[in-house]
Amino acid sequence: MNKIDLNGKTILVTGSAGFIGSNLVLRLFKDLSAGTIIGLDNLNDYYDPSLKDYRLSVIEKAKPAGIEYKFFKADLADKATIDSLFEQYHFDVVVNLAAQAGVRYSITNPDAYIMSNMIGFYNILEACRNHPVEHLVYASSSSVYGGNKKVPFSTDDRVDNPVSLYAATKKSNELFAHCYSKLYDIPSTGLRFFTVYGPAGRPDMAYFGFTNKLLKGETIQIFNYGNCRRDFTYVDDIVEGIVRVMQGAPERKKGEDGLPIPPYAVYNIGGGQPENLLDFVNILQEELVRAGVLPQDFDFEAHKKLVPMQPGDVPTTYADATALERDYGFTPKITLREGLRHFAEWYKDYYQK
Ligand SMILES: NC(=O)c1ccc[n+]([C@@H]2O[C@H](COP(=O)([O-])OP(=O)(O)OC[C@H]3O[C@@H](n4cnc5c(N)ncnc54)[C@H](O)[C@@H]3O)[C@@H](O)[C@H]2O)c1
């Protein structure tokens, strides 16, 4: 592995107004004493854009002396703009987190996935080819495992059975990256994130959507009659994993034929402790009451409905994260209760003060 000292480097974070991207920028502000961080996001309205403005304002306020930080409102699918940014900044490390996320939305809005995740990612790869980088790190997803029956999910498992277009685009990203690593010797690492949650997270995800609904007195739907298990990963753990991986790029080597062995890797980042959906909902309830988001006497039983599985959903996600521990010395640590406590406290502060 090639070690990269991030200090003094020029780093691009795409999706920097997004949930994970904004947390990554904040973390880099803390870790680095010098360097340039460029954030990019198209600020689309897939979910409430005011949350993206809020995250960007937190970033602006946190910017430390010694770091040059700039934000660009731009679309990954706009090849000329992406190329000119790479031309201008000559990025050392690129972290591509911008994407159209969400499994269910991909069933009704496939175009957004092709534009952002396929064309957009291709534009990033082309820019990395034309303006060489030390390391390209990009978000993949646990959804590439589809209906994998074998648990835990290992990066050695076959992932040829996506059950949503979202999953298919993420798997395609890994294939594209492999091809560019092989052909152009671009060190790339794909990270399969497992259900990321936390403060200022994504309102389209269950924990956030459940909270909004319960507060309005609406009924929440628990899919597959609660027989789902999710490997939830707190956002700080994901960011810790990304930062460690950014600092260790797959090595450029030549094979016996004199051609590059692709400097390519893929890792899972997940807690390795899947929770049953009903247990997860119970912890969420308790933490929402504890934070004062919902009243002590809230009747949860009256606001829960067990319903069948939805198209695109998978019954289980469960990360085998041993490779990340072996190569980068890190396994996610934050428990679901601790993480949901932070979320509930943030929610109270943000929406109810
Ligand atoms: N949150 C999770 O549980 C999870 C799980 C697995 C994978 N991922 C992946 O991690 C990455 C970050 O996810 P997140 O949860 O922070 O999502 P997010 O939607 O909060 O962040 C993505 C950001 O990318 C921006 N974006 C989308 N399309 C763009 C485009 N064409 N050009 C420029 N910007 C664009 C959006 O405006 C958004 O701010 C995504 O690639 C997602 O697919 C997330």
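Start by selecting the ligand and the residues around it: 30 residues surround the ligand, where a residue counts as near if one of its heavy atoms lies within 4 Å of the molecule. The closest are D41, Y47, Y166, K170 and V196. Before you go on, note that this is a predicted model, in which local features need pLDDT of at least 70 and side-chain atom pairs count only at pLDDT 80 or more, while totals for chains, interfaces and linings use all residues. Residues are numbered from 1 along each chain as its sequence is written, and side-chain values use heavy atoms, with hydrogens and water left out.

**Around the ligand**

Stay with the ligand and show its polar partners, remembering that a polar contact is a pair of N or O atoms within 3.5 Å; within protein, one must be able to donate a hydrogen and the other to accept it, and residues adjacent in sequence count only if both atoms are side-chain atoms. Pick I20, where a backbone N or O atom lies 2.8 Å from an oxygen atom of the ligand. Next pick K170, which places a polar side-chain atom 2.8 Å from a ligand oxygen. Then go to S116: a polar atom of its side chain is 2.9 Å from a nitrogen atom of the ligand. How much of the ligand does the protein bury? Taken alone, the ligand exposes 820 Å², and the protein buries 98% of that; accessible areas come from the Shrake-Rupley method with a 1.4 Å probe, and for residues only the protein chains shown count as cover.

Now colour by secondary structure, with helices (H or I, at least four residues) and strands (E, at least two) taken as DSSP runs numbered from the N terminus. The elements giving two or more residues to the shell are α1 (19–31), β3 (35–41), β6 (135–141) and α6 (165–184). Of these, β6 gives the most, with three residues. By type, the shell divides into 17 nonpolar, eight polar and five charged residues. Here Ala, Val, Leu, Ile, Met, Phe, Trp, Tyr, Cys and Pro count as nonpolar, Asp, Glu, Lys and Arg as charged, and the others, Gly among them, as polar.

**The cores**

Hide the ligand and select L24, F193, Y207, I242 and M246, the residues with the most contacts inside the largest nonpolar core, which has 72 residues. Such a core is a set of buried Ala, Val, Leu, Ile, Met, Phe, Trp, Tyr and Cys residues joined through side-chain atoms within 4.5 Å. Buried means under 20% relative accessible area, exposed over 50%, and partly exposed in between (1.4 Å probe, protein chains only).

Centre on F193. Setting aside residues up to four places away in sequence, F193 touches I20, L97, A139, S140, S141, S142, I238, I242 and I269, with contact meaning heavy atoms within 4.5 Å. Apart from this core lies another, of 24 residues, among them A74, F91, L136 and Y138.

**From β6 to α6**

Follow the chain into the loop between β6 and α6, where you will find P152. The peptide bond from V151 to P152 is cis, with omega near -10°.

V151 also leads to T316, which sits in the loop between β17 (304–306) and α10 (322–328). Leaving aside neighbours within four places in sequence, T316 is in contact with V151, F153, R229 and R230. T316 is buried, at a relative accessible area of 18%.

Return to the loop between β6 and α6 for S164. Is S164 buried or exposed? S164 counts as buried, at 8% relative accessibility. A polar atom of the S164 side chain lies 3.1 Å from the backbone nitrogen of A167. Not counting residues up to four places away in sequence, S164 touches V103, S106 and G312.

**Two helix stops**

Select Y105 in helix α4 (residues 105–108). Y105 is partly exposed, with a relative accessible area of 29%. Beyond residues up to four places away in sequence, Y105 touches Y46, Q100 and Y113. Draw a C-alpha to C-alpha distance from Y105 to L165: they are 9.5 Å apart in space and 60 residues apart in sequence.

Then move to S50 in helix α2 (residues 49–62). The S50 side chain makes a polar contact with the side chain of D48 (2.8 Å), and S50 is partly exposed at 35% relative accessible area.

**Two positive phi values**

Most residues other than glycine have a negative phi. Finish with A200, in the loop between β8 (196–197) and α7 (206–215), which has a positive phi of about 55°. A200 is buried, with a relative accessible area of 10%. Y225, in the loop between β9 (220–222) and β10 (229–230), also has a positive phi, near 55°. Y225 is partly exposed, at 43%.
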